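Subject: Structure handover

Hello,

Here is the structure we discussed. Please open it alongside this note. My findings follow.

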Amino acid sequence: MSHSTMSRAVSALETEFSVRLVSRDNHVAGLTPDGEKLYKMALELLDMARKIEDAMK
């Protein structure tokens, strides 16, 4: 995924949830507490999707 595509996706999520997900300071980016929360929950969703897929095989 290109940098611009990723940036637009993150911006869209930030707009959707009205939160800042990534802190951008002096060319250094890191997840905010809300970004960390979203990341952890997304990993849980992906894990659940894999489990569902495996169970349906």
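Helix 1 gives the most to the lining of the second largest pocket: four residues. Bear in mind that this is a predicted model. Strand 1 (22-25) and strand 2 (28-31) also supply at least two residues each to that lining. The pocket itself, the second largest, has a volume of about 170 Å³. Its lining consists of H3, M6, S7, V10, V22, R24, D25, H27, V28 and A29. By type, that lining splits into five nonpolar, three polar and two charged residues.

Now the largest pocket. Its volume is about 220 Å³. Which elements give two or more residues to its lining? They are helix 1 and helix 2 (33-55). The residues around the largest pocket are M6, A9, V10, L13, L21, V22, L31, G35, L38, Y39 and A42. No charged residue is in this lining; 10 are nonpolar and one is polar. M6, V10 and V22 line the largest pocket, and M6, V10 and V22 also line the second largest pocket.

As background, rolling a probe the size of a water molecule over the atoms shows where empty space is left.

Next, the charged pairs. Side chains of opposite charge can pair when their charged atoms come close. How many salt bridges does a search of the whole structure find? The count is five. Three of interest are below.

**E14 and R24**

The side chains of E14 and R24 form a salt bridge, at 3.3 Å from N to O. E14 sits in helix 1 and R24 in strand 1, so this pair ties together parts that are 10 residues apart in sequence. The side chains of E14 and R24 are also joined by a polar contact of 3.3 Å.

Are the two partners buried or exposed? E14 has a relative accessibility of 8%, so it counts as buried; the cut-off for buried is under 20%. R24 is at 41% relative accessibility, so R24 counts as partly exposed.

E14 belongs to helix 1, which spans residues 3-17. What does E14 touch, leaving out residues up to four places away in sequence? The contacts are V19, R20, L21, V22 and R24. Among these, L21 and V22 are also in the lining of the largest pocket. R24 is in the lining of the second largest pocket.

**D34 and K37**

D34 and K37 form a salt bridge, with their closest N and O atoms 3.9 Å apart. Both lie in helix 2, three residues apart, so about one helical turn separates D34 from K37. D34 has a relative accessible area of 32%, so D34 is partly exposed.

**D54 and K57**

D54 and K57 form a salt bridge too, and the closest N and O atoms are 3.9 Å apart. Are D54 and K57 buried or exposed? Both are exposed.

Beyond single pairs, there is a network: E14, R20 and R24 are joined into one by salt bridges that share partners. R20 is also among the residues that E14 touches.

To recap, start with the pocket of about 220 Å³, then the pocket of about 170 Å³, then the network of E14, R20 and R24.

Best wishes

Note on methods:
Residues numbered from 1 in each chain as written. Predicted model: local features only at pLDDT ≥ 70, side-chain atom pairs only at ≥ 80, totals over all residues. Heavy atoms only, no water. Polar contact = N/O pair within 3.5 Å; in protein donor to acceptor, adjacent residues only side chain to side chain. Contact = heavy atoms within 4.5 Å. 1 Å grid on protein atoms, 1.4 Å probe; cavity = no way out; pocket = protein on both sides within 12 Å on 5 of 7 lines; lining within 4 Å. Points joined across faces, edges and corners; volume = space filled by probe spheres on them. Nonpolar A, V, L, I, M, F, W, Y, C, P; charged D, E, K, R; others polar. Salt bridge = Lys/Arg side-chain N within 4 Å of Asp/Glu carboxyl O. Buried < 20%, exposed > 50% of the residue type's maximum accessible area, 1.4 Å probe, protein only.
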